[in-house]
Amino acid sequence: MFEQNPICRLLNIKYPVFQGGMAWIGTAELASAVSNAGGLGIIGAGNMPADLLQKEIKKAKGWTDKPFGVNIMLRSPFVKDVMNVIVEERVKVVTTGAGNPAEYVPALKEIGCKVIPVVASVALAKRLVARSGADAVIAEGTESGGHVGDITTMALVPQVVDAVDVPVIAAGGIADSRGMAAAFSLGACAIQMGSRFVVSEECIAHPNYKQFVLKARDRSTVVTGRSTGAPVRVLANKLTKEFERLEKEGAPVEELEKLGTGRLRMATHDGDVEKGSVMIGQIAGMLNDIKPVKKIIEDIVNGLPGALDAAGKACD
């Protein structure tokens with residue numbers, strides 16, 4: 001079905017489906033499962049030290065012979081050492097966030113690595129393609145979980161498609177065949193999903209985390225930290241109420257950052273979904289079961305022709 005798809009050809013993958021590079025839960029277990037199922041699994045480096053990332057990469061290599069990637073937060077204090085590990089391990093794909101990867105691109109290109117930044121605006125997409133030589137871009141709308149921009153996927157994707165001459169991957173608010181069909185209609189060549197894979201069997205997130213997501217509804221997420229310049233979409237809980245209170249009181253950025261430190265791991269690993277940060281996208285209300293990664297991808301791909309047909313019939 002996707003033999004001529006630009007992303008599938010560029011990355012040598014079967015399906016144009018990326019797994020979001022989620023810190024703490026985008027581990028080798030999940031990434032290798034997605035890659036084995038025909039998509040592109042992505043290890044989320046977050047603020048992971050280089051030695052721990054190298055262990056994750058080696059584990060993934062032991063579990064899949066398919067291409068997989070690493071998502072790198074360019075503001076990480078370990079970014080230079082992390083990039084050295086990427087080069088040493090000859091990782092096939094790197095996705096980046098929170099900065100310009102240009103200074104690292106020559107070394108990555110030398111090992112044949114494809115560089116794909118995540119963008120939340122047209123201006124950033126154009127700048128990164130022009131200055132960093134990006135092979136593709138991931139246009140991520142505000143519907144996504146975790147750190148977000150303020151433009152919706154529906155508005156962002158077609159504008160990025162029109163603005164750059166590289167393939168575009170749509171992200172944010174995509175969970176099923178209908179989302180994939182919509183992304184293709186907007187001009188994207190592929191989709192990236194994070195939230196859907198959180199509630200997969202292979203994701204190592206604590207059972208409490210997954211169950212909290214499954215109980216969510218359409219208005220269950222909130223965005224905290226806008227005053228810090230680094231807004232985050234999460235499920236509402238005791239932590240978000242405290243954030244909201246402090247932001248309304250005009251608390252300094254340092255106090256808000258201190259409040260958020262360690263809260264993601266508290267939720268993903270310790271299972272504290274009230275005081276921890278439960279990052280998830282607005283599609284949480286669409287998620288009602290836990291499936292193997294292979295089944296998730298197969299359902300989306302197999303349902304695509306029907307979703308596209310339904311879109312066509314709506315125009316009759």
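Modeller: Before we start, two strands pair if DSSP finds at least two bridges between them. Keep in mind that this is a predicted model.

Colleague: Thanks! In what order do the strands of the 3-stranded open sheet run?
Modeller: The pairing in this sheet is antiparallel. Its edge strands are β7 (146-147) and β10 (221-224), each pairing on one side only. β7 is joined to strand β11 (residues 232-235) by 2 bridges. The order is therefore β7-β11-β10, given that at least two bridges make a pair.

Colleague: Which residue of β11 is the bridge partner of H147?
Modeller: β7 and β11 run antiparallel. Within β11, H147 has as its bridge partner V232.

Colleague: Which helix lies across β10 and β11?
Modeller: Look for a helix covering residues 238-248. Its direction makes an angle of about 40° with β10. That helix is α11.

Colleague: Now the sheet of 8 strands: which are its edge strands?
Modeller: This open sheet has parallel pairing and the order β1-β9-β8-β6-β5-β4-β3-β2. On average, neighbouring strands are turned by 25° against each other, direction ignored. The strands that pair on one side only are β1 (17-19) and β2 (41-46).

Colleague: Over how many bridges do β3 and β4 pair?
Modeller: Strand β3 covers residues 68-73 and strand β4 residues 93-97, and they pair in the parallel sense. I72 stands opposite T96 in β4. The pairing of β3 with β4 extends over 5 bridges.

Colleague: Which strands does α6 lie across?
Modeller: Helix α6 spans residues 122-132. It runs at about 160° to one of the two strands, β5. The strands in question are β5 (114-119) and β6 (137-140).

Colleague: At roughly what angle do the axes of α6 and α7 cross?
Modeller: The axes come within 9 Å of each other, with α7 made of residues 153-163. α6 contributes V122, A125 and K126 to the contact, while α7 contributes L156, Q159, V160 and A163. By class, these are 5 nonpolar, 1 polar and 1 charged residues. The crossing is right-handed, at roughly 35°.

Colleague: Is E89 buried or exposed?
Modeller: E89 is found in helix α4 (residues 79-89). Its relative accessible area is 7%. Buried means under 20%, so E89 counts as buried.

Colleague: Which side chain is joined to that of E89 by a polar contact?
Modeller: Not counting residues up to four places away in sequence, E89 touches Q54, I57, K58 and K61. The polar contact of 3.0 Å joins the side chain of E89 to that of K58.

Technical notes:
Residues numbered from 1 in each chain as written. Predicted model: local features only at pLDDT ≥ 70, side-chain atom pairs only at ≥ 80, totals over all residues. Heavy atoms only, no water. Axes fitted to C-alpha atoms, helices over the stretch in contact; angles between N-to-C directions. Helix = DSSP H or I, 4+ residues; strand = E, 2+ residues; numbered from the N terminus. Left-handed = near helix turned anticlockwise from the far one by under 90°. Contact = heavy atoms within 4.5 Å. Nonpolar A, V, L, I, M, F, W, Y, C, P; charged D, E, K, R; others polar. Buried < 20%, exposed > 50% of the residue type's maximum accessible area, 1.4 Å probe, protein only. Polar contact = N/O pair within 3.5 Å; in protein donor to acceptor, adjacent residues only side chain to side chain.
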